[in-house]
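Trainee: I should like to examine the terms applied to this structure and the grounds for each of them.
Mentor: Let us take them one at a time.

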Amino acid sequence: MACPRFLQMELQRARLMLPSLSPFFAIPSSLSFSPIRHVSSSPSQVTLEEQQLRSSQLVALEYADLNLSYNLDLGHVRIRQHVNPLSTSFSVPAQVPDWNQVFADPTLPLMVDIGCGSGRFLMWLAKRTPKERNYLGLEIRQRIVKRAELWVKDLALNNIHILFANATISFKQLVESYPGPLMLVSVLCPDPHFKKRHHKRRVLQKPLVGAIVDNLIPGGQVFVQSDVLEVALDMRNQFDEVEALKHIDVLNSAMLCDNEGWLLSNPMGIRTEREIHAEFEGAKIYRRFYQKL
Ligand SMILES: C[S@@+](CC[C@H](N)C(=O)[O-])C[C@H]1O[C@@H](n2cnc3c(N)ncnc32)[C@H](O)[C@@H]1O
C-alpha cells in the first residue's frame with residue numbers, strides 16, 4: 001500500500017513504543033511504559049477530512065502485515081456506524097457454534113474480545129499465536145462480521161472466530177459452552193452512549209461483568225480501555241468492586257500505572273482501531289488490567 005513517508009514514520013514511532021506480546025498476556029516487566037504520542041502536524045494545519053484519511057491510513061498500516069484485501073464484495077448494504085443493542089432484533093441470543101468446527105483445537109486457552117469491531121486486532125494476535133490460543137470476537141454489526149469472516153478465511157487462520165452477537169446477552173452462554181479455559185476478556189473502546197438515558201445501551205452491564213468473572217480461570221485476565229474518561233471510569237468502577245479481581249499496578253517493582261491508576265501503555269503489542277484514531281487525535285487512552293485471584 002502506497003503511504004506517505006510521514007505516516008510510515010508515525011506508525012514506526014507508535015510501534016516502537018508498544019511492548020511486544022508476551023506469553024499468556026503477562027505484562028512484560030521490561031517495559032518502560034510511556035504513552036504513545038501523536039507528533040505529526042497539528043490539527044489546525046490540516047482539514048478534518050485530511051485528518052480522517054491519515055487516521056484510517058494509519059490503521060491500515062498498523063495492520064499491514066496481515067495483507068488484507070480492502071476490495072471485498074459485501075453487497076450493497078452499508079456498514080452502519082451504530083446500532084441500538086436494546087432493539088428486539090438484537091435480543092435473540094447467538095447460537096452457540098460447534099467449537100470443533102470453528103477452532104482446530106477447541107481446548108486451547110481462549111481470549112474473547114467484546115465489541116471487536118473489524119476484528120483486525122484479534123487477527124493480528126491470532127496470527128502470532130496460532131497453536132497457543134484461540135480468539136473469539138463478538139460484534140453486533142453484522143456487515144463488519146461478514147467482512148471479518150472473509151478476512152479470516154483469506155488468512156487461513158483456524159484459531160479465530162468472529163461471531164455476530166450481542167455480547168451483553170450472549171457472552172455467558174457462549175463461554176460456558178467453550179471446552180477450554182477462558183484466559184482473557186477485553187472490552188476495548190466500547191461505544192460510549194453518552195446520554196444518561198442511553199447508558200443501559202452500553203455493552204458492559206452488571207450481569208456481563210459477573211459472567212466474565214465467573215468464567216475466567218484463576219489467573220485469567222481482563223483488559224479494558226477507553227478514550228472516553230467517563231466510559232473508562234464506568235468500566236473501572238464495575239471491575240474494581242469485584243473481590244475476585246486485582247488490578248495490576250506494579251510488576252517486578254516496575255510501576256505500570258500513572259498516579260490515577262491508569263495503565264500507562266497498551267500491554268497487547270498492538271493497538272485497536274479506535275485506539276489508533278483516538279491517539280492520532282491526541283486523546284489519552286484510559287486502561288485497566290485485572291487478574292483473577
Ligand atoms: C467504538 S467500537 C470499538 C471497536 C474496537 N474494540 C476498537 O477498539 O477499535 C465499539 C464496537 O462495539 C460494538 N458493539 C456495541 N455494542 C455491542 C454489543 N452489545 N455486543 C457486541 N458488540 C457491540 C460496536 O458495533 C462497535 O464495533
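**Terms and their grounds**

Mentor: In this predicted model, Q81 lies in the loop between α2 (48-62) and α3 (99-102).

Trainee: Why is Q81 called exposed?

Mentor: A residue is exposed if 12 or fewer other C-beta atoms lie within 10 Å of its own. Q81 has 7 C-beta neighbours inside 10 Å, so Q81 counts as exposed.

Trainee: How far apart are Q81 and R141 in sequence and in space?

Mentor: They are 60 residues apart in sequence, and their C-alpha atoms are 8.7 Å apart in space.

Trainee: What is the order of the strands in the open sheet?

Mentor: The 7 strands follow the order β3-β2-β1-β4-β5-β9-β6, with mixed pairing.

Trainee: Why are β3 and β6 said to stand at the edges?

Mentor: β3 (160-164) and β6 (245-247) each have a single partner strand, so one side of each is left without a neighbour in the sheet. Neighbouring strands of this sheet are turned by 20° against each other on average, direction ignored.

Trainee: How do you know that β1 and β2 pair?

Mentor: Two strands pair if DSSP finds at least two bridges between them. Strand β1 (residues 110-114) is joined to β2 by 5 bridges, so the criterion is met; these two strands run parallel. L110 stands opposite N134 in β2.

Trainee: Which helices pack on the sheet?

Mentor: Helix α5 (residues 142-155) does, touching β2 and β3, and its direction makes about 160° with that of β3. Helix α8 (residues 229-240) also packs on the sheet, touching β4 (182-188), β5 (216-226), β6 and β9 (286-292). The direction of α8 makes about 160° with that of β5.

Trainee: Which residues have the most contacts inside the largest nonpolar core?

Mentor: That core has 62 residues, and those with the most contacts inside it are L110, V112, L122, L138, F171, L182 and V185. V112 touches L136, L138, V175, L182 and V185, residues up to four places away in sequence not being counted. In soluble globular proteins, nonpolar side chains tend to be buried together.

Trainee: What makes up the shell around the ligand, by class?

Mentor: The shell has 9 nonpolar, 5 polar and 6 charged residues. Of the 20 residues that surround the ligand, the closest are G115, G117, C189, T272 and R274.

Trainee: Which element supplies the largest share of this shell?

Mentor: The largest share, 3 residues, comes from α9. β2 (134-139), α6 (167-177) and α9 (273-280) each supply at least two residues.

Conventions:
Residues are numbered from 1 along each chain as its sequence is written. This is a predicted model: local features need pLDDT of at least 70, side-chain atom pairs count only at pLDDT 80 or more; totals for chains, interfaces and linings use all residues. A residue is near a molecule or strand if its C-beta atom, placed from the backbone, lies within 6 Å of it. Helices (H or I, at least four residues) and strands (E, at least two) are DSSP runs, numbered from the N terminus. Ala, Val, Leu, Ile, Met, Phe, Trp, Tyr, Cys and Pro count as nonpolar, Asp, Glu, Lys and Arg as charged, and the others, Gly among them, as polar. A nonpolar core is a set of buried Ala, Val, Leu, Ile, Met, Phe, Trp, Tyr and Cys residues joined through C-beta atoms within 7 Å. A residue is buried if 20 or more other C-beta atoms lie within 10 Å of its own, exposed if 12 or fewer, and partly exposed in between; C-beta atoms are placed from the backbone. Two residues are in contact if their C-beta atoms, placed from the backbone, lie within 7 Å. Axes are lines fitted to C-alpha atoms, for helices over the stretch in contact, and angles run from 0 to 180 degrees between N-to-C directions.
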